[in-house]
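Colleague: Got a minute to go through the side-chain contacts in this one with me? I'd like to start with the rings.

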Amino acid sequence: MTATDDSLSLLSGLVAKARKAGADAADAVHFRSTGLSHAQRLGAPERLEREESQDVGLRVLLGKRQAIVSSTDQAPDSLDELVERALAMAKVVPEDPYCGLAEAGELAATVPDLDILDAEEPAPEVLIERARACEEAARAVAGITNSEGAEASWSRIDIALVTSNGFARGYARSSHSVGVSVIAGEGLGMESDYDFATAVYGKELEDAGAVGRRAGERAVRRLGAEKPATRRLPIVFDPRISNTMLRHLAGAVSGPAIARGTSFLKDKLEAQVFAEGITIVDDPHRPHGLASKPFDGEGLANRRLSLIDGGRLTTWIMDLSSARQLGLKSTGHAARGTSSPPSPSTSNLYMEPGSATPAELMADIEDGFYVTGLMGMGINGVTGDYSRGAHGFRIEKGELTTPVSEATVAGNLKDMFLNLTPANDLVFKYAVNAPTLRIDGMMLAGN
């Protein structure tokens with residue numbers, strides 16, 4: 001029996017117990033995770049750890065009341081107690097008119113093979129070598145004076161879901177990563193920076209030495225940073241932080257925010273919210289995708305979906321509960337853990353690239369700011385007001401020049417989205433990805 005079969009058998013038994021004990025409906029999830037990580041600093045090992053854990057969550061429904069309980073103990077007596085606690089809680093919680101399982105016809109009948117599992121666990125020596133190569137390459141960059149450490153890791157997670165109305169499936173995914181953070185300069189003039197790489201398959205992980213060199217070069221390049229003068233100018237976001245624009249969009253089109261009326265995009269469905277030509281896609285079926293999954297957290301089929309098509313907002317991101325509140329159908333975006341109800345979340349979210357290179361995107365900027373790092377979360381989800389600490393480089397006559405720190409970039413997301421232009425350098429490095437982005441008319445605050 002495979003790990004998935006074992007999990008499905010466990011969950012099927014748990015759901016059956018809940019139904020027998022009086023639940024009108026029930027579902028259960030099981031997460032089994034395994035991880036291996038190695039950390040070092042200045043060439044000396046600091047940690048080599050292996051972690052294994054498993055957690056089960058049970059949701060029971062009594063009419064329009066629901067309760068969720070979880071446990072790391074899968075012994076029969078503990079599971080019996082889990083059922084008892086869940087039912088006792090469901091009897092006293094307030095009614096939720098929107099809770100409930102999917103209709104049987106909404107459940108995924110088939111699921112795709114997404115090739116998101118590297119079944120081979122790396123030997124500890126492999127992770128040790130990755131971390132060593134990454135840190136050594138970073139420290140070899142001229143100007144690097146110290147290291148905050150390097151880490152290499154591998155993980156595997158097995159996920160299973162069973163519902164009382166006929167869904168019983170599971171899948172597994174893996175992740176390899178390596179990264180380092182280093183310090184350049186001395187005394188009050190020190191600057192730090194980092195880089196990392198992540199991949200489903202170890203053989204597809206970027207060379208650890210290349211990651212380290214890039215981290216070192218980034219830290220050195222920040223030396224001599226100055227505080228900028230306050231003015232309005234074009235701002236360009238580096239790809240490693242440009243994806244934050246998509247995260248803000250995802251929060252603004254999330255079903256619960258729309259249902260509560262707490263989103264600055266609540267009245268913008270089918271409206272032009274980005275410039276024409278901008279397309280933003282969520283694709284849970286991307287092969288080797290870092291956030292790919294064959295079905296959603298409620299057992300519904302999921303699919304590639306363009307949230308923004310030609311600049312137009314086409315849909316909200318919904319699970320069953322938020323869809324019912326809005327009088328719509330779920331978009332298959334439910335995600336869940338073991339101790340809380342499902343809620344909507346994106347998977348592999350990305351903005352399709354534009355046609356200009358980053359250099360061409362900046363060529364006509366006489367005075368601008370290139371952002372390589374952001375701090376703080378000064379975002380008002382109701383109004384769209386945006387204000388975040390930032391560092392990066394001044395753009396002069398289309399070229400990156402002086403490093404900049406202690407800056408604040410500000411605007412309103414409604415205006416920022418409409419004035420956004422993507423470059424052609426999209427790379428799938430994270431779960432949420434965007435190319436270099438230029439946004440005209442933002443405010444840079446400093447001196």
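Modeller: Sure. F295 is buried, with a relative accessible area of 4% (buried is under 20%, exposed over 50%, partly exposed in between, using a 1.4 Å probe and protein chains only). Keep in mind that this is a predicted model, where local features need pLDDT of at least 70 and side-chain atom pairs count only at pLDDT 80 or more, while totals for chains, interfaces and linings use all residues. Residues are numbered from 1 along each chain as its sequence is written, and side-chain values use heavy atoms, with hydrogens and water left out.

Colleague: OK, which residues form an aromatic cluster with F295?

Modeller: F167 and Y171 join F295 in one cluster. In all, the structure holds seven aromatic pairs, a pair being Phe, Tyr or Trp rings (the six-membered one for Trp) with centres within 6.5 Å; planes under 30 degrees apart are stacked, over 60 edge-to-face, and the rest tilted. F167 and F295 are edge-to-face, because their planes are at 70 degrees, with the ring centres 5.0 Å apart.

Colleague: And where do F167 and F295 lie?

Modeller: Both are in loops: F167 between β4 (144-163) and β5 (168-184), F295 between β8 (280-282) and β9 (305-309), so the pair ties together parts 128 residues apart in sequence. Strands here are DSSP E runs of at least two residues and helices are H or I runs of at least four, numbered from the N terminus. F167 is buried as well, at 3% relative accessible area.

Colleague: Which rings have a charged end sitting over them?

Modeller: The charged end of R286 sits over F428, 3.5 Å from the ring centre, and that of K429 sits over F196 at 5.4 Å. The rule wants NZ of Lys or CZ of Arg within 6 Å of the ring centre and within 35 degrees of the ring normal.

Colleague: Switching to salt bridges, how many are there?

Modeller: The count comes to 27, taking a side-chain nitrogen of Lys or Arg within 4 Å of a carboxyl oxygen of Asp or Glu. One of them pairs K17 with D80, N to O 2.9 Å. K17 lies in helix α1 (residues 3-20) and D80 in helix α2 (residues 76-90), so this bridge ties together parts 63 residues apart in sequence.

Colleague: Are those two buried or exposed?

Modeller: In between: K17 is partly exposed at 31% relative accessibility, and D80 is partly exposed at 33%. Another bridge joins D367 to R394 at 3.4 Å, N to O. There, strand β14 (residues 367-379) supplies D367 and strand β15 (residues 385-396) supplies R394, 27 residues apart.

Colleague: Which residues do shared partners join into one network?

Modeller: D195, E206, R214, R218 and K429, through salt bridges.

Colleague: What about the largest nonpolar core?

Modeller: That core has 45 residues, and those with the most contacts inside it are F237, M245, F274, F369 and V409. A core is a set of buried Ala, Val, Leu, Ile, Met, Phe, Trp, Tyr and Cys residues joined through side-chain atoms within 4.5 Å. Helix α5 (residues 239-252) gives its largest share, six residues.

Colleague: What does F237 touch?

Modeller: Leaving out residues up to four places away in sequence, its neighbours include M245, V371, Y386 and M442, with contact meaning heavy atoms within 4.5 Å.

Colleague: Last one: how many disulfides?

Modeller: Zero in the whole structure, looking for cysteine sulfur atoms within 2.5 Å. As for cysteines, C99 is buried at 4% relative accessible area, and C134 is buried at 0%.
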